[in-house]
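Biologist: Pull up the model, please, and let's go through the strands together.

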Amino acid sequence: YCLDLYLHDRTTGQTIAITRSPNNWFADGSSNRPAISADGGTVVFDSLATNLLGGQPAIPADTSQVYAYDVAGEQLSLVSRSSAGGAADGESFAPSVSPDGRLVAFVSRATNLVPGTPAVDNIYLRDRDTGQTTLLTRGIGGANANGGSRAPAFSPDGRFLAFSSLASNLVPGDDIDRRDVFVYDL
């Protein structure tokens, strides 16, 4: 039993499954937390499925990954990957997509998306046009964040990304031991 995601076109009345393997098999793991870009061209979601891309790149078992579905091209791609192309080696989830579908922010515990990153909930940004994955939750002076971050959300114009974090070293003067909300100017 797995949760699949479907896309319904209200104009044509057509409904398609977007969580299918390249040979049209059902996903072998559940998919969750879909979000759609403001222009309607991109759907992002996280999934435990390992067969959505036909084995390339290899998806670690029992590890959720973030995917993007290009509506016009009917193409599925892996978002939670390093700039070199490898799939995240830790849980990746809670995606948010920019209004134009180009940028996807997500939470990940992976250690291989950006070298030297610890297995803590960090916010990453994937540029789908350039293939670059960037760690956004860096501490002061480039240090690793000292607490987990969650809930990335784009502003309506795509310029800003808000998220919450327990880290106290993202900005100077954060001496409260509580979750704060931050805004990153992209």
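Modeller: First, the vocabulary: two strands pair if DSSP finds at least two bridges between them. Helices (H or I, at least four residues) and strands (E, at least two) are DSSP runs, numbered from the N terminus. This is a predicted model, so local features need pLDDT of at least 70 and side-chain atom pairs pLDDT 80 or more, while totals for chains, interfaces and linings use all residues. Residues are numbered from 1 along each chain as its sequence is written, and side-chain values use heavy atoms, with hydrogens and water left out.

Biologist: Okay. How many helices and strands does the protein chain have?

Modeller: There are 0 helices and 13 strands. Read from the N terminus, the elements go β-β-β-β-β-β-β-β-β-β-β-β-β.

Biologist: Let's start with S5. Which strands does S5 pair with?

Modeller: S4 (residues 42-47) is joined to S5 by 6 bridges, running antiparallel. S6 (residues 75-78) is antiparallel to S5 as well, with 4 bridges. Among the partners, Phe 45 bridges to Tyr 67 in S5, and Tyr 69 sits opposite Leu 76 in S6.

Biologist: And what's in the turn between S5 and S6?

Modeller: The hairpin leaves 4 residues between the two strands, and Glu 74 in that turn has a positive phi of about 50 degrees.

Biologist: How covered is S5?

Modeller: Mostly: S5 spans residues 65-70, and 5 of its 6 residues are buried. Buried means under 20% relative accessible area, exposed over 50%, partly exposed in between (1.4 Å probe, protein chains only).

Biologist: Now S8. How many of its residues are buried?

Modeller: S8 covers residues 103-108, and 6 of its 6 residues are buried. Leu 103, Ala 105 and Val 107 point one way, Val 104, Phe 106 and Ser 108 the other, and all of them are buried. That fits the usual pattern, where side chains in a regular strand alternate between the two faces of the sheet.

Biologist: Who are the neighbours of S8?

Modeller: S7 (residues 92-97) pairs antiparallel with S8 over 4 bridges, with Ser 92 opposite Ser 108. S9 (residues 122-127) is also antiparallel, joined to S8 by 6 bridges, and Val 104 faces Arg 126 there. The hairpin of S7 and S8 has 5 residues between the strands, and Gly 101 takes a positive phi near 80 degrees.

Biologist: Which non-glycine residues inside strands have odd backbones?

Modeller: Two to look at: Arg 33 has a positive phi of about 50 degrees, and Ala 151 has one of about 55 degrees. Most residues other than glycine have a negative phi. Arg 33 lies in S3 (residues 31-36), and Ala 151 in S11 (residues 149-154).

Biologist: Why does Arg 33 count as partly exposed?

Modeller: Because its relative accessibility is 46%.

Biologist: Switching topic: what's the overall size?

Modeller: The radius of gyration, taken over C-alpha atoms, is 17 Å; a compact globule of 186 residues would be near 16 Å, so the two agree. The globule rule is 2.2 Å times the number of residues to the power 0.38. The C-alpha atoms fill a box of roughly 55 × 35 × 30 Å along the principal axes.

Biologist: What share of the chain is buried?

Modeller: 48% of the 186 residues.

Biologist: And how much contact is long-range in sequence?

Modeller: Of the contacts (heavy atoms within 4.5 Å) with a separation of 6 or more, 45% involve residues 24 or more positions apart.
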